[in-house]
Amino acid sequence: MSGSRRVRAAGPPVSFKAACSDCRARFELDAGALRLVIGGSRRTTFYSFTCPACGASVRKPAGERIVELLTGGGVSTLRSV
Ligand SMILES: [Zn+2]
């Protein structure tokens, strides 16, 4: 990667498709609704969000590709070691 990533003021908002494992609702979340946690192993790397339908806090494993997608989309990332 070269240079810094510029935040586009105007442009389509980035949204991520997600599904609730609790009520099985499907929806799209914007970057601000998601949180990514990167741990030292696959088991501790996950993303979480609050289901807009039932309010459950959902946690899902994040693979390499998802991590790239989320960080690229401006999702706040927490690194836990
Ligand atoms: Zn739900």
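Before you click anything, one bit of vocabulary: two strands count as paired if DSSP finds at least two bridges between them. What you have open is a predicted model.

**Stop 1: one bridge.** Select Val37 and look across to E4, where its bridge partner is Phe46. Now widen the selection to residues 34-38, which is strand E3, and residues 46-50, which is strand E4. These two run antiparallel to each other, with four bridges between them.

**Stop 2: the whole sheet.** Add E5 and E6 to the selection. You now have an open sheet of four strands, ordered E5-E4-E3-E6, and the pairing is mixed. Which strands stand at the edges? Colour 57-61 and 76-79: those are E5 and E6, and each has a single partner strand, so one side of each lacks a neighbour in the sheet. Turn the view along the sheet to follow the twist, which averages 25° from one strand to the next.

**Stop 3: the helix.** Next, pick residues 64-72, helix H1. Which strands does H1 lie across? Show E3, E4 and E6 along with the helix and you have them, with H1 running at about 130° to E3.

**Stop 4: zoom out.** Show the full chain and walk it from the N terminus: the elements go β-β-β-β-β-α-β. That makes six strands and one helix in the protein.

**Stop 5: burial and contacts.** Colour by burial if your viewer allows; of the 81 residues, 10% are buried. For a last look, draw the contacts with a separation of 6 or more: 50% of them link residues 24 or more positions apart.

Definitions and conventions:
Residues numbered from 1 in each chain as written. Predicted model: local features only at pLDDT ≥ 70, side-chain atom pairs only at ≥ 80, totals over all residues. Axes fitted to C-alpha atoms, helices over the stretch in contact; angles between N-to-C directions. Contact = placed C-beta atoms within 7 Å. Buried ≥ 20, exposed ≤ 12 C-beta atoms within 10 Å, placed from the backbone.
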